[in-house]
Amino acid sequence: MRVADDYIPVELWHESKNFIQVITDDVEIYKKIKTFSSVKPNEEADKFTAWWDLKRYTEVPHALILIYENLERINETVGNYDVLDGLNKLQIKMILFYRLLKKEGMINE
């Protein structure tokens, strides 16, 4: 029995799906909270959320790998969320995603 060259193990499929869902959830939470929050809008965070909402990562699939490879470092930089500063930290996370992708030329303005 020959295994296809493009076989992706089920574990990787589930991990990938979970990764996309985690980022999507963060983006959705950020968008909802900022609509009724007093936190100052941030252009970079808003550009990343728009980029993600439009699924631009499908045009630049390597962008997902770049985010995945840097997610732990970004999460460490942002730290744990709590009730008092959750939106601020989520906004910082969106900004860091944006800057990472911009630096690597994966977001065009």
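# Around helix H2 and its neighbours

Right after H2 comes Lys55, with a positive phi near 55°. That makes Lys55 a residue other than glycine with a positive phi value. Most residues other than glycine have a negative phi. Lys55 sits in the loop that runs between H2 and H3, and at 47% relative accessibility it counts as partly exposed. Keep in mind throughout that this is a predicted model.

**The chain as a whole**

Step back for a moment to the overall layout. The chain has four helices and zero strands, so to speak in shorthand, the pattern along the sequence reads α-α-α-α. Of the 109 residues in the chain, 31% are buried. Looking at contacts with a separation of 6 or more, 66% of them join residues 24 or more positions apart. The exposed area of the chain comes to about 7,700 Å², and carbon and sulfur atoms supply 56% of that.

**Helix H2**

Back to H2, beginning at its start. There, a side-chain oxygen of Asn42 comes to within 2.9 Å of the backbone nitrogen of Glu44. Which residues of H2 are buried? They are Ala45, Phe48, Thr49, Trp51 and Trp52. Viewed down the axis of H2, these buried residues fall within an arc of 160°, so they line one face of the helix.

Several of those names come back when you look at the rings. Phe48, Trp51 and Trp52 join Tyr57 and Phe97 in one aromatic cluster.

**Aromatic pairs**

How many aromatic pairs does the structure hold? There are seven. A pair of aromatic rings is described by the distance of the centres and the angle of the planes. Here are two of the pairs, side by side:

| Pair | Distance of ring centres | Angle of planes | Geometry |
|---|---|---|---|
| Phe19 and Tyr68 | 5.3 Å | 90° | edge-to-face |
| Phe48 and Phe97 | 5.1 Å | 45° | tilted |

Take Phe19 and Tyr68 to begin with. The planes of their rings stand at 90°, so the pair is edge-to-face. Phe19 belongs to helix H1 (residues 10-35) and Tyr68 to helix H3 (residues 62-78), so the pair ties together parts that are 49 residues apart in sequence. Phe19 is buried, at 9% relative accessible area, whereas Tyr68 has 42% relative accessibility and counts as partly exposed.

Now for Phe48 and Phe97. With ring planes at 45°, this pair is tilted. It links distant parts of the chain, with Phe48 in helix H2 (residues 43-53) and Phe97 in helix H4 (residues 86-103), 49 residues apart. Both Phe48 and Phe97 are buried.

**Helix H4**

Phe97 leads us into H4. The 18 residues of H4 should span 26 Å at 1.5 Å a residue, and the C-alpha atoms at its ends are indeed 26 Å apart, which agrees. The list of buried residues in H4 includes Gly86, Leu87, Leu90, Met94, Ile95, Phe97, Tyr98, Leu100 and Leu101, and also Lys89, Gln91 and Lys93.

Lys93 deserves a look of its own. Where does Lys93 sit? It is found in helix H4. Is Lys93 buried or exposed? Its relative accessible area is 5%, under the 20% cut-off, so Lys93 is buried. Leaving aside residues up to four places away in sequence, Lys93 touches Asp26, Leu71, Ile74, Asn75, Val78 and Tyr81.

**After H4, and back to the H2-H3 loop**

Just after H4, Gly105 takes a positive phi of about 75°. Gly105 lies in the segment after H4, and its 48% relative accessibility makes it count as partly exposed. Gly105 is 42 residues from Ala63 in sequence, yet their C-alpha atoms are 9.5 Å apart in space.

The loop between H2 and H3, where Lys55 was found, also holds Glu59. Glu59 is exposed, at 56% relative accessible area. Its C-alpha atom is separated by 9.3 Å from that of Met106, and the two residues are 47 apart along the chain.

How values were computed: Residues numbered from 1 in each chain as written. Predicted model: local features only at pLDDT ≥ 70, side-chain atom pairs only at ≥ 80, totals over all residues. Heavy atoms only, no water. Phe/Tyr/Trp six-rings, centres within 6.5 Å; stacked < 30°, edge-to-face > 60°. Helix = DSSP H or I, 4+ residues; strand = E, 2+ residues; numbered from the N terminus. Buried < 20%, exposed > 50% of the residue type's maximum accessible area, 1.4 Å probe, protein only. Arc of directions from axis to C-beta. Polar contact = N/O pair within 3.5 Å; in protein donor to acceptor, adjacent residues only side chain to side chain. Expected span 1.5 Å × (residues − 1). Contact = heavy atoms within 4.5 Å. Areas by Shrake-Rupley, 256 points an atom, 1.4 Å probe, with all protein chains shown as cover.
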